[in-house]
Amino acid sequence: MSKQYRMLVITDHRTHGKGESIYPLLKAMSNHSACAAIEVASRGKPENQGFFYDYDSTTITSLRVEDNFEYQEGGEDFLKSDIKAKLEDYDVVFIRLDRPVPDEFLDFITTHIPEHRVINRPEGIRATGSKDFLLNFPELCPPIKLCSSLSDILDFYSQFPVVLKPLRSYGGKGILRIMDDTVWENETQYPLTEYQSVLETNLKNQGQYLAMKYLKNVGQGDKRVIVVNGKIMGTTLRIPKEGSWICNLSAGGSSNFAEPDQNEIKIAETISPSIVEQGVVIFGFDTLVDDAGNRVLSEINTLNVGGLLQAEMHSGKPVVQDSANLMWDYICKNIT
């Protein structure tokens with residue numbers, strides 16, 4: 001008989017919504033022949049304070065995935081959960097947490113369980129989660145530059161309008177646009193000459209920016225392409241709200257199903273091997289339309305990527321089950 005795995009999933013039920021993909025995905029994974037049990041622990045359960053916040057206990061209280069594992073608005077089942085085990089008791093740990101996730105928490109996990117048994121692997125999350133990871137694929141991106149100083153920014157801006165992204169930002173936070181000698185911070189505008197001191201302070205306090213050419217076709221939206229173990233599973237088109245240049249749903253954008261085009265298929269084929277090699281099994285990447293009308297790579301997200309359920313509903317394909325199978329394919333091959 002082939003090996004069966006006991007899996008711990010660490011999440012936070014307080015951030016879940018009705019369309020959260022974790023519920024159908026874990027139910028599908030729990031029915032696989034390689035699964036001994038899947039147990040889910042929430043950061044929102046008070047008894048897990050020592051594990052998620054204090055880093056002084058590897059004992060965690062969790063909920064077992066069974067046929068009735070469904071989203072609940074108040075998370076009652078998570079709050080009533082009573083399965084206690086130590087982190088070391090599990091064969092594989094699956095991280096499904098929204099940011100922020102402190103590096104100290106990732107270090108705590110890998111102090112007590114070998115890193116190759118964690119999905120997505122913490123070192124892979126760190127390496128790919130920084131915006132400057134895009135510098136590995138300049139041929140797939142708009143013009144980009146890592147900026148360590150105000151002069152770096154101004155030099156790049158002298159060529160075309162730019163977008164500045166803090167290396168560890170998420171959800172569109174901290175992104176700036178410089179155009180027509182004006183800085184846009186969300187929808188608020190500042191003269192560039194007056195904002196230079198803010199940029200210098202930001203560089204000192206938060207570190208470098210990744211600068212990217214601002215693309216005039218941003219109104220055509222960005223696509224989030226979901227990849228599991230190297231294969232595209234679904235694609236969502238996100239359109240910015242009227243008058244905005246930021247496509248994130250948290251900034252008021254809208255989301256619609258879409259199909260990947262040939263450029264996005266090529267991007268997936270190019271970036272997936274190096275990402276999966278770092279133990280990142282499920283991830284998403286974003287594309288924008290460049291000035292020539294082609295989709296180009298603008299972002300990579302390797303922490304908590306959703307959208308599988310929506311992709312299944314819109315496409316009519318068994319996206320969730322296929323993703324579950326691909327997850328187990330990776331686990332059985334790489335975690336012994």
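## The nonpolar cores

In this predicted model, the largest nonpolar core has 38 residues, and those with the most contacts inside it are Met7, Leu26, Met29, Ile38, Phe94 and Ile119. Two or more residues of this core are given by each of β1, α1 (22-30), β2, β5, β13 (222-228), α9 (308-315) and α10, and the largest share, 8 residues, comes from α10. In soluble globular proteins, nonpolar side chains tend to be buried together.

Leu26 shows what such contacts look like for a single residue: leaving aside residues up to four places away in sequence, Leu26 touches Val9, Ile38, Val40, Val65, Phe69 and Phe94. Apart from the largest core lies another core, of 21 residues, and among them are Val101, Leu106, Ile109 and Leu303.

## The open sheet and helix α10

An open sheet is formed by 6 strands, which follow one another in the order β4-β3-β2-β1-β5-β6 with mixed pairing. Its edge strands are β4 (83-86) and β6 (118-119), each of which pairs on one side only.

At the β6 edge, the pairing with strand β5 (residues 92-95) is in the parallel sense and runs over 2 bridges, with Val118 of β6 as the bridge partner of Val93. Helix α10 (residues 319-334) lies across β1 (5-11), β2 (35-42), β5 and β6, and its direction is at about 120 degrees to β1.

## Aromatic pairs

Across the whole structure, a search finds 13 aromatic pairs. One of them joins Tyr55 and Phe108, whose ring centres are 5.6 Å apart and whose planes stand at 35 degrees, so the pair is tilted. Because Tyr55 lies in the loop between α2 (49-54) and β3 (59-64) while Phe108 belongs to helix α4 (residues 103-112), this pair ties together parts that are 53 residues apart in sequence. The two partners can also be described by their accessibility: Tyr55 is partly exposed, with a relative accessible area of 28%, whereas Phe108, at 8% relative accessibility, counts as buried.

Phe133 and Phe137 form an edge-to-face pair, with 5.7 Å from centre to centre and 70 degrees between the planes, and both Phe133 and Phe137 are buried. Tyr55 and Phe108 also take part in one aromatic cluster, together with Phe51, Phe52 and Phe105.

## Charges over rings

Two tyrosine rings have a basic side chain placed over them. The charged end of Lys3 sits over the ring of Tyr5, 5.1 Å from its centre, and Arg6 lies over the face of Tyr90, at 4.5 Å from the ring centre.

Note on methods. Residues are numbered from 1 along each chain as its sequence is written. This is a predicted model: local features need pLDDT of at least 70, side-chain atom pairs count only at pLDDT 80 or more; totals for chains, interfaces and linings use all residues. Side-chain values use heavy atoms; hydrogens and water are left out. Rings of Phe, Tyr and Trp (its six-membered ring) pair if their centres lie within 6.5 Å; planes under 30 degrees apart count as stacked, over 60 as edge-to-face and the rest as tilted. Helices (H or I, at least four residues) and strands (E, at least two) are DSSP runs, numbered from the N terminus. Buried means under 20% relative accessible area, exposed over 50%, partly exposed in between (1.4 Å probe, protein chains only). A charge sits over a ring if NZ of Lys or CZ of Arg is within 6 Å of the ring centre and within 35 degrees of the ring normal. Two strands pair if DSSP finds at least two bridges between them. Contact means heavy atoms within 4.5 Å. Axes are lines fitted to C-alpha atoms, for helices over the stretch in contact, and angles run from 0 to 180 degrees between N-to-C directions. A nonpolar core is a set of buried Ala, Val, Leu, Ile, Met, Phe, Trp, Tyr and Cys residues joined through side-chain atoms within 4.5 Å.
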